[in-house]
Amino acid sequence: MERVGICSICGSASSLNTCALCGRLVCNNCFDHSRNVCKQCSSGIILSEMSSERSGLI
Ligand SMILES: [Zn+2]
Ligand SMILES: [Zn+2]
């Protein structure tokens with residue numbers, strides 16, 4: 001089911017996706033479909049993945 005509204009990131013009117021992390025409603029352009037999160041949370045995930053790879057052991 002598609003919801004149409006104003007994207008929380010870029011402010012354009014579009015069909016929206018809900019970020020699994022922050023719960024914001026964002027348009028397709030601002031949504032990372034492979035991770036099911038918004039672009040802002042996606043960049044945070046990438047940063048944390050890089051840092052965990054760098055540390056090696058968890
Ligand atoms: Zn947007
Ligand atoms: Zn988010």
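Where in the protein is the place of Ile45? In this predicted model, Ile45 sits in helix H1, which covers residues 39–55. Helix H1 belongs to a fold with one helix and five strands. Reading from the N terminus, the order is β-β-β-β-β-α, so the helix comes after the strands.

Back to Ile45 and its surroundings. Ile45 counts as partly exposed because it has 13 C-beta neighbours inside 10 Å, and a residue needs 20 or more to be called buried. Setting aside residues up to four places away in sequence, Ile45 touches Arg35 and Val37. Arg35 lies ten residues from Ile45 along the chain, and the two C-alpha atoms are 9.1 Å apart.

Val37, one of the residues touched by Ile45, is also part of the largest nonpolar core. That core has eleven residues, and several cysteines are in it: Cys7, Cys19, Cys27, Cys30, Cys38 and Cys41. The rest of the set is Leu16, Leu25, Val26, Phe31 and Val37. Two elements, strand S3 (25–27) and strand S5 (37–38), each supply two or more of these residues. S3 gives the most, with three.

Phe31 is another member of this core. Once neighbours within four places in sequence are left out, Phe31 is in contact with Asn17, Val26, Cys38 and Lys39. Of these contacts, Val26 and Cys38 are core residues too.

As for the protein overall, buried residues account for 22% of its 58 residues. Among contacts between residues at least 6 apart in sequence, 5% join residues at least 24 apart.

Key:
Residues are numbered from 1 along each chain as its sequence is written. Chains are lettered from A and ligands numbered from 1 in the order in which they are written. This is a predicted model: local features need pLDDT of at least 70, side-chain atom pairs count only at pLDDT 80 or more; totals for chains, interfaces and linings use all residues. A nonpolar core is a set of buried Ala, Val, Leu, Ile, Met, Phe, Trp, Tyr and Cys residues joined through C-beta atoms within 7 Å. A residue is buried if 20 or more other C-beta atoms lie within 10 Å of its own, exposed if 12 or fewer, and partly exposed in between; C-beta atoms are placed from the backbone. Helices (H or I, at least four residues) and strands (E, at least two) are DSSP runs, numbered from the N terminus. Two residues are in contact if their C-beta atoms, placed from the backbone, lie within 7 Å.
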